[in-house]
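Q: Could you take a close look at one single part of this structure and explain, step by step, how it is placed among its neighbours?

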Amino acid sequence: MQVTRLSTGIDKLDELLAGGIPEGFFVALTGMPGTGKTIACLHYIWAGLRDGERCIYVTTEESRESIIRQAEQFNMHFEEAMEDGDLIIIDALMREHEDEWSLQDVSVEEMLKKIIEAKKRLGRDTRRLVIDSMSAFWLRAPVKAREHSYFVKRILSKWHFTIYATSQYAITTGSAFGWGIEHVADGIIHFKKRVIRGVLRRYLIIEKMRQTPHDLRAWEIEIVNGKGLVLTKPLARRMEDEVLPEKVMQRIRRILEEEYEEV
Ligand SMILES: Nc1ncnc2c1ncn2[C@@H]1O[C@H](COP(=O)(O)OP(=O)(O)O)[C@@H](O)[C@H]1O
Ligand SMILES: [Mg+2]
């Protein structure tokens, strides 16, 4: 059975994922603040909108206006998509103004209700859903994270979504606030940052993607004004990237084959 894949909206990332995210998957985007998770979500939504799909974005840490402005900086026109009835942004922050698509109460149940309502409004073909981030839902009860994650996945899978869910990592411990989501995720894309010689550098690595022969390297990423997230180069090189003399390559291949036979 062929796997149907959805584009991430980032060409290089699609390539590393053998085409994209398998339809119906629940993918966790994990990492510390400022590593590019939200921007990756914007790409995922824009890829759908560009293809004439309808999409849902739940924002819990930034207002809807902030998401729209950020997307616009990368030439992704979210406001127009909303006006055209192709995109619903559910705002769980309620900083600016309340409306039909704001969450009154930041609870998992309330969010699921709104998502289902949004899907009914947009139509049954709506499959791209972003929840950015899930961490907000267990600020009050971190021990519930795993149980809630499982609940969210179970309910939403019945509604045929392919989901990006972000999870914030605690700065101090490096462990996820929402440690529950990795346990239920079909895929995990981890975002990292590091200061090297006084410069902030960011990376991503595909830690898990079921049913996918994916790339295993950490990739340096750049966030470019007007463009968005770009994968620039892998940290490690694969053997096939090295140009070695044919004789050496033959020897390496022979050794690998021999090792393989012993398994
Ligand atoms: N227009 C822009 N041009 C270049 N970099 C940007 C732009 N807008 C945001 N960024 C970078 O993206 C970062 C935010 O990334 P984001 O995806 O929101 O992180 P998070 O992982 O917390 O969701 C900012 O701290 C900034 O470094
Ligand atoms: Mg974010």
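A: A residue counts as buried if 20 or more other C-beta atoms lie within 10 Å of its own. With that in mind, we can turn to strand 6, which covers residues 128-132, in what is a predicted model.

Five of the five residues of strand 6 are buried, and therefore this strand is largely enclosed by the rest of the structure. In a regular strand, side chains alternate between the two faces of the sheet. In strand 6, R128, V130 and D132 point one way, whereas L129 and I131 point the other way, and on both sides the residues are buried.

Strand 6 also has partners, and it helps to take them in turn. Strand 4, made of residues 55-59, runs parallel to strand 6 and is joined to it by five bridges; within this pairing, V58 of strand 4 stands opposite I131 of strand 6. Strand 7, made of residues 162-168, likewise runs parallel to strand 6, and here four bridges join the two; in this pairing V130 of strand 6 stands opposite Y164 of strand 7.

The link with strand 7 can also be described through a helix, since strand 6, helix 6 (residues 145-158) and strand 7 make a β-α-β unit, and this unit is right-handed. Taken as a whole, then, strand 6 is a strand of buried residues that is bridged in parallel to strand 4 and also to strand 7.

How values were computed:
Residues are numbered from 1 along each chain as its sequence is written. Chains are lettered from A and ligands numbered from 1 in the order in which they are written. This is a predicted model: local features need pLDDT of at least 70, side-chain atom pairs count only at pLDDT 80 or more; totals for chains, interfaces and linings use all residues. A residue is buried if 20 or more other C-beta atoms lie within 10 Å of its own, exposed if 12 or fewer, and partly exposed in between; C-beta atoms are placed from the backbone. Two strands pair if DSSP finds at least two bridges between them. A crossover is right-handed if, with the strands pointing away from the viewer, the path from the first strand over the helix to the second runs clockwise.
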